[in-house]
Amino acid sequence: MRLNKRLAATAMAALMASSMLVGCGSDSGSATQAGTSAAGGSESGQESGDYPTITFMLTDHSGNALKNDHSDEVIAKMEEYTETHVDFQWQANDTYGEKFGVVLMDKANMPMILTAPSANIEGSVIEAARKNAFWDLTPFLEDEEAYPNLSQIRDEVKDGLTVDGKLIGLPRSRVIGRNGMVYRTDWAEKVGITEEPTTVDEVYDMLYKFTNDDPDGNGKDDTWGMEMCKYTGPIDIIQTWFGAGNGWVEQDGKLVPVHQTEEYMEAVNWMKKIYDEGLIRSDWAAVDTTDWGKGIQKGEVGVFVDVLDSGKRAWDYYEDNNIASVVNPDETATITYVGPVAKDANSERRTMATSGIAGVFLITKDGAKTEEDVKNCLHYLDKMCDNEMLVLADYGLEGITYEINEDGEIELLDTGLDVSQTPNSGLNQALCYVPNSASTDPVLKQDTQTQLLNEIQKFSEDYAVFNPATKYLLSSDANAENGTELTQILDDARTQYICGAIDEAGLQAQWDEWARRGGEQMIQEVNELYQADQNK
């Protein structure tokens, strides 16, 4: 199916109008580029000059955002489709945080949409929100007819953008079911495992055999079951398998940090067991994150627990380097994506949800001064989530950067261009990706690795466990003051316990220290907010 045929009729007019592009730069050298208007107008007859203008500050990762050959055509298509004129205020990625702080204080020059400098809201953003710097978007998104895409943002994702009961931003979305487990398929076949593990005991059996049953067939004792490093995110994922929850859990009408649950200790003792039995390398806690992921590529380990993308990277490595299967040398080694795992045969499979947030768009009160301004911003962001704009932002222009094949799929052309040189470079930074992370019609032609990855991530979403305390933590003073330190205390204590540096009494002592340093106050504040929340 070809994309947005009605735009083709105005393409020539758009090109003629490209000379009307307005560009201006800041003294600091960061580009501010205003979009062009399509001279042909829209189907309704509205002239492009009648489009409302919104201002949008966002990150430029390449230095060429919407400034390449044919970028004027991209801008023209975008503005005609959204019926919005956009003044993009691009800021260099490496100085974005500094620039954000300056802009946040410059009320006279505030953009309507302001991209937060980190994936999740924190620090200065929360402080500004409490000073009423951003619009509460809750009532706007209740209008499903006006915002058919944005109104589908999951409540759990909104929690990560809610301060003092107000939805202060919109997500640049991340795949929710991204975390999980993968393993090397041929190793499993070599040691006699014919079905993917779906319970903790089955995972243990796989780790044991991958360590002890010579899965690579070289006759040496040189393999481990699972890859680990000093980044402890995989343990957080494994804890959800046992039912420990994601950071916090609801029990008996209260929110409880997971380290205070029986399921947490079950998970940590399981990790200690596989460490004590040598199913993971003994120096895992000292392995740098830059080396993480290399073990499964090099054939040193067979299981990886983290984002499922890691499995695709390993599979791509096998393909690119012709790594042969250990059971059939004529075939390339492959990866199996498992995703969620259950505690036992009587339990539901689980994995840890991501926040669902890869970036945050804030609609400012000093920039968007009226409700009509807010609606114009939301209209633009909602329309950018339609398939037509997802294709434009992610893949560019038909005939220039992609073609539609006989099956109606998008095939990217071999243009020789770096991603920073494409006509659409940078436009994806303006997308919320709600409810879809890519166009669903047409779809991008994908290799087997990617197709299976997308399928398991979609499957995992139904089993992904969110943190029920997220929005209360954002409004907790104790968390704001001591949250990072408190998390580090728990992570360090858990690692020390797994490695045998402390015993259970030592672990309890660290938990007591956590409580004294602000943990107990945080529990109190979170639960006061939780009990007062009428929408929970």
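Helices here are DSSP runs of H or I with at least four residues, strands are DSSP runs of E with at least two, and both are numbered from the N terminus. The model in these close-ups is predicted.

**Figure 1. Pro 340, tucked into a loop.** Look for Pro 340 in the loop that runs between strand 14 (335-339) and strand 15 (351-352). Is Pro 340 buried or exposed? Pro 340 counts as buried, because its relative accessibility comes out at 0%. Setting aside neighbours within four places in sequence, you'll find Pro 340 in contact with Arg 349, Arg 350, Thr 351, Phe 459, Ser 460 and Tyr 463. Val 182 is also worth finding in this view: 158 residues separate it from Pro 340 along the chain, while the two C-alpha atoms are 9.9 Å apart.

**Figure 2. Phe 56 and its ring partners.** There are 15 aromatic pairs in the structure, and this view picks out a couple that share Phe 56. With Phe 88, Phe 56 makes a tilted pair, with 6.1 Å between the ring centres and 40° between the planes. These two come from distant parts of the chain: Phe 56 belongs to strand 3 (residues 53-60) and Phe 88 to strand 4 (residues 85-92), 32 residues apart. Both Phe 56 and Phe 88 are buried.

How are the rings of Phe 56 and Phe 361 arranged? Their planes meet at 90° with the centres 5.4 Å apart, so this pair is edge-to-face. Again, distant stretches of chain are linked, this time strand 3 through Phe 56 and strand 16 (residues 357-363) through Phe 361, with the two positions 305 residues apart. Phe 56 has a relative accessible area of 0%, and Phe 361 is buried too, at 1%. Zoom out a little and ring pairs tie Phe 56, Phe 88, Trp 90, Phe 361 and Tyr 380 together as a cluster.

**Figure 3. Charges parked over rings.** Two spots go in this panel. In one, Lys 273 holds its charged end over the ring of Tyr 204, at 4.3 Å from the ring centre. In the other, the charged end of Arg 281 sits over the ring of Trp 224, this time 5.5 Å from the centre.

**Figure 4. Helix 11 leaning on helix 18.** Helix 11 (residues 262-276) packs against helix 18 (residues 477-498), with about 45° between them and 8 Å between their axes. That angle is why helix 11 is called oblique to helix 18. Which residues make the contact? Helix 11 brings Tyr 264, Met 265, Val 268, Asn 269, Met 271, Lys 272, Tyr 275 and Asp 276, and helix 18 answers with Leu 490, Arg 494, Tyr 497 and Ile 498. Sorted by class, this contact has eight nonpolar residues, one polar and three charged.

**Figure 5. Helix 15 under wraps.** Helix 15 (residues 387-395) is mostly covered, with seven of its nine residues buried. On the buried list are Asn 387, Met 389, Leu 390, Val 391, Leu 392, Ala 393 and Tyr 395. What does the covering? Helix 3 (71-82), helix 14 (371-383), strand 17 (402-404) and strand 18 (410-412) are included among the elements over those buried residues. Just after helix 15 comes Gly 396, with a positive phi near 95°.

**Figure 6. Backbone oddities.** Most residues other than glycine have a negative phi, and most peptide bonds are trans. Here are some exceptions to look at.

Start with the loop between strand 18 and helix 16 (448-461), where Pro 435 has its place. The bond joining Val 434 to Pro 435 is cis, with omega at about 0°. Pro 442 is found in the loop between strand 18 and helix 16 as well, and the peptide bond leading into Pro 442 from Asp 441 is cis, with omega near 5°.

Now for phi. Glu 83 isn't a glycine, yet its phi is positive, at about 50°. You can spot Glu 83 in the loop between helix 3 and strand 4, where its relative accessible area of 28% makes it partly exposed. Asp 252, another non-glycine, has a positive phi of about 50° and sits in the loop between strand 11 (248-251) and strand 12 (254-257). Is Asp 252 buried or exposed? Its relative accessibility is 80%, so Asp 252 counts as exposed.

Methods
Residues numbered from 1 in each chain as written. Predicted model: local features only at pLDDT ≥ 70, side-chain atom pairs only at ≥ 80, totals over all residues. Heavy atoms only, no water. Phe/Tyr/Trp six-rings, centres within 6.5 Å; stacked < 30°, edge-to-face > 60°. Buried < 20%, exposed > 50% of the residue type's maximum accessible area, 1.4 Å probe, protein only. Lys NZ or Arg CZ within 6 Å of the ring centre and 35° of its normal. Axes fitted to C-alpha atoms, helices over the stretch in contact; angles between N-to-C directions. Parallel < 35°, antiparallel > 145°, perpendicular 65-115°, else oblique. Contact = heavy atoms within 4.5 Å. Nonpolar A, V, L, I, M, F, W, Y, C, P; charged D, E, K, R; others polar.
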